[in-house]
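Subject: Structure handover

Hello,

Here is the structure I promised you. Please open it alongside this message, and my notes follow below.

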Amino acid sequence: VQLQASGGGLVQAGGSLRLSCVASGRTFSSYAMGWFRQAPGKEREFVTAISRSGSIIYYADSVKGRFTISRDNAKNTVALQMNSLKPEDTAVYYCARDRLGRGRVGAARTASEYHYWGQGTQVTVSS
């Protein structure tokens, strides 16, 4: 399985970016997906996750109301719409695939529950 993330860049505070992650393979709809981020000198942190069908979604408190995750199982893609960006959102953003597949109810919020990771895309928010 390969995950290819794209859409990062440099944006001013208050601006928006849309990240996209495309997964290879034919089992995309069988797995919950998540987005994590890692800022310099900090540990990787949970941002948001979406269940296999998209009916269950979790957000970190720090992004709730500003970020929106979505998925298109027909296109093997998961997207992250980021609005009202803040300088503290600056990080490398990673998409990830849950390790359990159909054994997962909902979606996980810890990095250890994800087995495959994309290469990361840099998001920089200037003040």
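In which loop is the place of S84? S84 sits in the loop between β8 and β9. Please keep in mind that this is a predicted model. S84 has a positive phi of about 50°, although S84 is not a glycine. Its relative accessible area is 41%, so S84 is partly exposed.

N76 also deserves a look. This residue is not a glycine, yet its phi is positive, at about 55°. N76 belongs to the loop between β7 and β8 (77-82). Its relative accessibility is 15%, so N76 counts as buried, the cut-off being under 20%.

Overall picture

The protein has 11 strands and zero helices. From the N terminus on, the order of elements is therefore simple to write: β-β-β-β-β-β-β-β-β-β-β. The C-alpha trace spans about 40 × 25 × 25 Å along its principal axes. For 127 residues, a compact globule would have a radius of gyration near 14 Å. The protein comes out at 13 Å, which agrees.

Burial is next. Of the 127 residues, 45% count as buried. The exposed surface of the protein is about 6400 Å². Carbon and sulfur atoms supply 46% of that area. As for contacts, take those between residues at least 6 apart in sequence. Of these, 59% join residues at least 24 apart.

The open sheet

Four strands form an open sheet. Their order is β1-β3-β8-β7, and the pairing is antiparallel. β1 (3-6) and β7 (67-72) are the edge strands, and each pairs on one side only. From one strand to the next, the twist averages 15°. β1 and β3 run antiparallel and are joined by four bridges. To find this pairing on screen, start at S6: its bridge partner in β3 is S20.

Strand β9 and its partners

β9 has several neighbours to inspect. With strand β4 (residues 33-38), β9 pairs in the antiparallel sense over six bridges. In this pairing, G34 stands opposite A96 of β9. With strand β11 (residues 121-126), β9 shares three bridges, and the two run antiparallel. Here A91 has V123 of β11 as its bridge partner. With strand β10 (residues 114-117), β9 also runs antiparallel, joined by three bridges. D98 stands opposite Y114 in β10. β9 is mostly covered as well: seven of its eight residues are buried.

The disulfide

How many disulfides does the count give? The count comes to one disulfide. This disulfide joins C21 to C95, with an S to S distance of 2.1 Å. The pair links distant parts of the chain. C21 is in strand β3 (residues 17-23), C95 is in strand β9 (residues 91-98), and the two are 74 residues apart. The torsion about the S-S bond of C21 and C95 is about 60°, so the disulfide is right-handed. Are C21 and C95 buried or exposed? Both are buried.

Around F36

F36 is found in strand β4. Its relative accessible area is 2%, so F36 is buried. Which residues is F36 in contact with, leaving aside its neighbours within four places in sequence? Grouped by position along the chain, the answer is as follows:

- R44, E45, F46 and V47 are among them.
- V92, Y93 and Y94 are also among them.
- R109, T110, A111, Y114 and W117 complete the list.

G120 is another residue to locate from F36. The two are 84 residues apart in sequence. In space, they are 9.2 Å apart, C-alpha to C-alpha.

Where to start

I would look at the disulfide between C21 and C95. Then follow β9 to its pairing with β4. From there, go to F36 in β4 and its contacts, including Y93 and W117. Finish with the positive phi values of N76 and S84.

Best wishes

Conventions: Residues are numbered from 1 along each chain as its sequence is written. This is a predicted model: local features need pLDDT of at least 70, side-chain atom pairs count only at pLDDT 80 or more; totals for chains, interfaces and linings use all residues. Side-chain values use heavy atoms; hydrogens and water are left out. A disulfide is a pair of cysteine sulfur atoms within 2.5 Å. Buried means under 20% relative accessible area, exposed over 50%, partly exposed in between (1.4 Å probe, protein chains only). Two strands pair if DSSP finds at least two bridges between them. Axes are lines fitted to C-alpha atoms, for helices over the stretch in contact, and angles run from 0 to 180 degrees between N-to-C directions. Contact means heavy atoms within 4.5 Å. The radius of gyration is taken over C-alpha atoms; the globule rule is 2.2 Å times the number of residues to the power 0.38. Accessible areas come from the Shrake-Rupley method with a 1.4 Å probe; for residues, only the protein chains shown count as cover.
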